[in-house]
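I opened the model today to go through its strands, its cysteines and its charged pairs. My notes are below, in the order I looked things up.

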Amino acid sequence: QVQLVESGGGLVQPGGSLRLSCAASGSMFSINAMAWYRQASGYQRDLVAAITSGGSTNYADSVKGRFSISRDNAENTVYLQMNSLKPGDTAVYYCYARVQFTGGLSEYQYWGQGTQVTVSL
């Protein structure tokens with residue numbers, strides 16, 4: 001099993017910044033990809049940003065130029081730097097990891113518990 005623990009959410013004014021962190025823990029696994037998703041009240045969960053083990057990134061059009069995803073492979077941690085935040089960014093942000101266990105070929109998906117980000121005056 002792999003556990004994902006997120007931190008860094010909160011309340012911020014429009015135009016402000018927040019940095020989310022997500023640390024993966026467990027044993028005998030490697031992470032092939034990590035990502036951040038978000039789900040606003042009444043809406044589906046959507047991809048915000050993703051990063052592969054090699055560092056390739058992908059962003060939702062709505063956050064390009066404002067958000068930046070990065071990861072520390074040694075610490076199994078992924079970060080989401082969010083700048084120029086807008087009220088429309090308000091949502092619960094979920095960490096996601098696609099992992100492979102040592103000696104196995106299958107990939108498994110894990111989710112964090114979510115952290116609330118609220119952008120408001």
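These entries cover one sheet, one buried residue, the disulfide and the salt bridges.

**Entry 1: the sheet.** I note at the outset that this is a predicted model. I looked up the strand order and found an open sheet of 4 strands, running β1-β3-β8-β7 with antiparallel pairing. I then checked the edges. β1 (2–7) and β7 (67–72) each have a single partner strand, so one side of each has no neighbour in the sheet. For the twist, I read an average turn of 15 degrees between neighbouring strands of this sheet, direction ignored.

**Entry 2: β1 against β3.** I wanted to know how many bridges join β1 to β3. I counted 6, with the two strands antiparallel and β3 covering residues 18–26. For one position in this pairing I looked up Gln3, and its bridge partner in β3 is Ser25.

**Entry 3: Val99.** I went next to strand β9 (residues 91–101), where Val99 is found. Is Val99 buried or exposed? Its relative accessible area is 0%, and the limit for buried is under 20%, so I put Val99 down as buried. I listed its contacts, leaving aside neighbours within four places in sequence. Among them are Val2, Phe29, Ser30, Ile31 and Asn32. The list also includes Ser106, Glu107, Tyr108 and Tyr110. For Tyr110 I also took the C-alpha to C-alpha distance to Val99, which is 7.9 Å, with the two residues 11 apart in sequence.

**Entry 4: the disulfide.** I searched the whole structure for disulfides and got 1. Which cysteines form it? Cys22 and Cys95 do, with their sulfur atoms 2.1 Å apart. I read the torsion about their S-S bond as about -85 degrees, so I recorded the disulfide as left-handed. The pair links distant parts of the chain, as Cys22 is in strand β3 and Cys95 in strand β9, 73 residues apart. I checked burial for both partners. Cys22 has a relative accessible area of 0% and is buried; Cys95 is also buried, at 0%.

**Entry 5: salt bridges, Arg38 and Asp89.** Side chains of opposite charge can pair when their charged atoms come close. My search of the whole structure for salt bridges returned 4. One of them joins Arg38 to Asp89, with the closest N and O atoms 2.9 Å apart. This pair links distant parts of the chain: Arg38 lies in strand β4 (residues 29–39), and Asp89 in the loop between β8 (77–82) and β9, 51 residues apart. I looked up burial for this pair and found both Arg38 and Asp89 buried.

**Entry 6: other charged pairs.** I found Lys64 and Asp61 in a salt bridge, at 3.1 Å from N to O. Asp61 has a relative accessible area of 64%, and I noted this residue as exposed. Arg98 and Glu107 also meet in a salt bridge, with an N to O distance of 3.1 Å. How accessible are these two partners? Arg98 is partly exposed at 29% relative accessible area, and Glu107 counts as partly exposed at 41%. I last checked for shared partners, and found Arg38, Arg66 and Asp89 joined into one network by salt bridges. I add a cross-reference to Entry 3: Glu107 is also in the contact list of Val99.

Notes:
Residues numbered from 1 in each chain as written. Predicted model: local features only at pLDDT ≥ 70, side-chain atom pairs only at ≥ 80, totals over all residues. Heavy atoms only, no water. Pairing = 2+ DSSP bridges. Axes fitted to C-alpha atoms, helices over the stretch in contact; angles between N-to-C directions. Buried < 20%, exposed > 50% of the residue type's maximum accessible area, 1.4 Å probe, protein only. Contact = heavy atoms within 4.5 Å. Disulfide = S-S within 2.5 Å. Salt bridge = Lys/Arg side-chain N within 4 Å of Asp/Glu carboxyl O.
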